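Dear colleague,

Please find below the structure for your consideration. My notes on it follow directly after.

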Amino acid sequence: MPKSDWKPPLADTLPGGERNADVPNGARAHTSLPDGGAEFLNALGEGVYGVDVDGRCTFANRAALAALGYDDVGELLGRDMHDAIHHTRPDGTHYSASECPILSTLRTGQPVRLENELLWRRDGTSFFAEYSSFAVKVDGAVTGSVVTIDDLSMRRDSSKRHALQQAVNQVMQEADDVEASSRHLVATIGSGFGWDAGALWVVHAESDACLRCEGVWHAAGATRRVPEAGDAGVLGPGQGLPGQAWTEYRTVVSSGTTTDGHGVPHAIPGAEIAVPLHADGKVVGVLEFLGRRPVTLDGQSMTDLQTLGRQVGQFVSRRQAEDKLRDSDALKTAIMDAALDCVVVVDAETRIREFNPAAERVFGQARAEAMGQELGALILPADFLVGHLKKFAHFLDDGEISAVNKHVEVEAERASGERFPAELSVTPLKVGGEPLFAAYLRDITERKRAERDVEAARDAAEEANRAKSDFIANMSHELRTPLSAIIGYGEMMREEMEDGVDSAELAPDMQKIENNARHLLGLINDVLDLSKIESGKMETFLETFDVEPMVRDVAATVTSLIEKKHNVLSIDLGPDLGHMRSDLTKLKQMLLNLLSNAAKFTEGGTIALSAHRSTASGLDRLAFSVRDSGMGMTAEQSAKLFQRYAQAEASTASKFGGTGLGLSISRAFATMLGGGIEVASAYGHGSTFTIDLPATAPEKPVA
């Protein structure tokens with residue numbers, strides 16, 4: 001059918017409600033609205049769209065466009081929705097339309113509901129969703145379907161859940177101001193689950209007969225609102241969703257058929273949730289949240305909410321206990337139960353008399369199982385008995401114990417057998433004349449890891465500083481030597497010229513001055529090159545040149561240097577080297593550096609220079625290798641060979657000269673030109689350095 005003749009088949013069914021009896025309730029409510037139907041659809045938090053009998057889009061609401069990453073419904077109208085959003089399985093294989101359960105509704109007229117189905121956005125990213133399809137029938141014939149989608153990414157992402165729990169813990173740990181901490185808690189949990197607004201209701205501490213709102217939060221641009229804390233008043237048992245969650249001791253989701261307790265009109269079914277906060281076997285408060293769309297809770301989401309309910313319940317309980325039981329014995333118990341650190345009370349026999357919830361979490365040991373057990377046998381390694389535990393009894397005589405009123409680091413043990421570092425402080429006390437010891441213990445695994453990271457970074461920085469110091473000292477020597485030679489020979493020549501010596505006799509001295517000046521220039525160039533590389537100002541100058549003449553020119557340049565130590569230079573050039581577009585100067589500098597190093601560390605041996613072109617896998621690259629039969633290197637020496645300011649070993653500079661910059665500069669050049677340098681070496685068997693470069697270097701240097 002020509003596209004110009006195509007008409008969405010659902011268009012005739014949307015204005016009235018007589019011919020869509022098989023449309024789901026949410027869609028039917030939409031289609032039964034002659035006016036404002038689109039507005040109602042766009043008000044839904046759940047994504048909804050329709051397709052004709054061929055699977056082409058006929059309408060989509062705002063939530064569907066947002067979930068699928070589209071800006072305008074015109075981008076979807078008339079498109080095959082399976083090809084647009086359901087084309088690929090989670091394993092990356094093609095999902096054919098004939099296998100799609102959603103499209104089976106168009107064939108059978110039966111509704112379909114899938115969980116954890118992978119859908120695809122316009123930008124190529126994917127997400128998991130609940131995905132339902134309901135047939136639309138006209139005179140008994142299927143003319144299309146209405147599809148709903150619900151993004152499950154938040155509920156599937158365990159890392160986000162873990163991050164949310166950590167954030168809630170941090171808020172509770174840093175809570176100082178009651179009102180501010182309540183708002184912060186609600187905001188942290190509400191935004192983590194993607195809700196619009198929320199409130200914290202607390203059971204009134206004095207009468208236990210009502211809920212009082214202590215903190216209200218609204219997300220930016222929220223369409224759902226809850227009353228501000230000062231206007232909310234109180235809710236009685238069973239009143240509104242919070243009162244229902246309180247009295248029924250369970251998480252409650254609104255059905256939309258009862259008042260919400262706040263006078264909020266037109267409540268969206270399933271878009272309000274109340275989570276009871278548990279502590280000490282009772283409900284101490286309720287978290288209430290409102291959203292733009294119905295809440296769908298899977299098993300993991302319920303577990304997360306229950307965990308958060310217990311966490312926040314402990315926080316609320318602890319705060320109430322502190323308000324009510326301050327300066328009393330009951331307060332001590334409450335603090336112990338709500339403490340974030342482990343609190344373990346032992347008697348003179350080191351048997352556990354109290355074991356708080358934090359200790360249960362840290363050690364993986366239930367309080368009921370821990371009570372009465374010997375401390376060392378339960379949570380401290382056997383070797384600890386030789387030290388601190390024996391001193392417990394000693395304290396009874398002289399009042400001294402290593403951990404009393406101090407913090408010491410010990411190694412503790414979980415029920416699983418895992419050992420971990422802990423910080424321990426022991427405080428002696430007497431209850432009814434009986435000596436007891438309260439041990440406060442904190443898991444410092446993360447702190448120790450951070451300390452190790454800091455120490456490693458410090459060692460690396462110190463090593464880098466030492467390398468720079470050695471480099472500066474070596475550079476000072478390297479610079480002074482040619483300068484002294486230039487000055488010395490210059491003075492000698494001046495004196496000889498004053499004495500009337502023939503200019504021909506001065507030629508050797510002039511050559512020595514030139515050699516030392518060139519050596520000095522090379523050192524200075526290395527330092528300047530390194531400075532430009534480290535500041536990011538080094539540029540490349542690309543030109544096209546023939547490879548073989550360039551290699552032979554480099555070989556001719558270093559021939560005398562190689563023969564100086566009775567070495568032999570061999571050249572191996574592959575066929576069809578052709579030309580390359582790269583930085584000729586930098587490539588020559590790299591090759592000269594490798595050949596100079598080979599000549600420096602080889603005596604009476606062979607140095608081979610080779611060049612080969614490869615077009616494997618469609619990549620046009622050239623490899624330049626320098627192989628020597630010199631002393632070679634150990635694996636440890638090779639590992640730090642390309643580090644700046646460092647040489648293979650500390651004695652290299654004194655034995656052979658050099659600054660240690662050449663190889664690091666060469667590697668930087670190779671990287672800038674889109675390639676790299678590798679080394680293969682065995683101690684006593686020589687080394688092979690290989691430069692691998694693309695035949696055409698990138699126009700901009702690679703960082």
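A crossing of two helices is called left-handed if the near helix is turned anticlockwise from the far one by less than a right angle, and right-handed if it is turned clockwise. Please bear in mind throughout that this is a predicted model.

The term applies to helices α20 and α23, whose crossing is left-handed. Helix α20 covers residues 584-600 and helix α23 residues 662-672; the two pack at an angle of about 145°, with their axes 10 Å apart. On the α20 side, the residues that meet α23 are K586, Q589, M590, N593, L594 and N597. Their counterparts in α23 are G662, L663, I665, S666, F669 and A670. By character, the residues of this contact divide into six nonpolar, five polar and one charged.

Helix α20 also matters to the description of the interior. In soluble globular proteins, nonpolar side chains tend to be buried together. Here, the largest nonpolar core has 45 residues, and those with the most contacts inside it are M550, L587, M590 and F624. At least two residues of this core come from each of α19, α20, β20, β21, α23 and β23. The largest share, eight residues, is supplied by α20. Setting aside residues up to four places away in sequence, F624 touches V547, M550, V551, M580, L587, L591, S610, A611, F689, T690 and I691. There is also a second, separate core of 26 residues, which includes C57, L106, L114 and F127.

Strands β20, β21 and β23 can be described together. Strand β20 (residues 606-614) and strand β21 (residues 621-628) run antiparallel and are joined by eight bridges; within this pair, I607 stands opposite D628. The two strands form a hairpin with six residues between them, and S617 in the turn has a positive phi of about 60°. Strand β21 also pairs with strand β23 (residues 687-694), in the antiparallel sense and over eight bridges. In that pairing, R627 of β21 stands opposite T688 of β23.

A further sheet is open and consists of five strands in the order β13-β12-β16-β15-β14, with antiparallel pairing. Strands β13 (352-355) and β14 (408-413) stand at its edges with a single partner strand each, so one side of each is left without a neighbour in the sheet. On average, and ignoring direction, neighbouring strands of this sheet are turned by 35° against each other. Within it, strand β12 (residues 342-347) is joined to strand β16 (residues 434-443) by six bridges, and V343 has Y440 in β16 as its bridge partner.

Finally, I draw your attention to three individual residues.

- Y249 is found in the loop between α10 (240-248) and β9 (252-253). Its phi is near 60°, a positive value in a residue other than glycine. Y249 counts as partly exposed because its relative accessibility is 42%, which falls between the limits of 20% and 50%.
- H566 lies in the loop between α19 (547-563) and β18 (568-573). H566 too is a residue other than glycine with a positive phi, near 60°. At 63% relative accessibility, H566 counts as exposed.
- S638 lies in helix α21 (residues 635-639) and is buried, with a relative accessible area of 18%. Apart from neighbours within four places in sequence, S638 is in contact with M633, V679 and S681.

With kind regards

Definitions and conventions: Residues are numbered from 1 along each chain as its sequence is written. This is a predicted model: local features need pLDDT of at least 70, side-chain atom pairs count only at pLDDT 80 or more; totals for chains, interfaces and linings use all residues. Side-chain values use heavy atoms; hydrogens and water are left out. Two strands pair if DSSP finds at least two bridges between them. Helices (H or I, at least four residues) and strands (E, at least two) are DSSP runs, numbered from the N terminus. Axes are lines fitted to C-alpha atoms, for helices over the stretch in contact, and angles run from 0 to 180 degrees between N-to-C directions. Buried means under 20% relative accessible area, exposed over 50%, partly exposed in between (1.4 Å probe, protein chains only). Contact means heavy atoms within 4.5 Å. Ala, Val, Leu, Ile, Met, Phe, Trp, Tyr, Cys and Pro count as nonpolar, Asp, Glu, Lys and Arg as charged, and the others, Gly among them, as polar. A nonpolar core is a set of buried Ala, Val, Leu, Ile, Met, Phe, Trp, Tyr and Cys residues joined through side-chain atoms within 4.5 Å.
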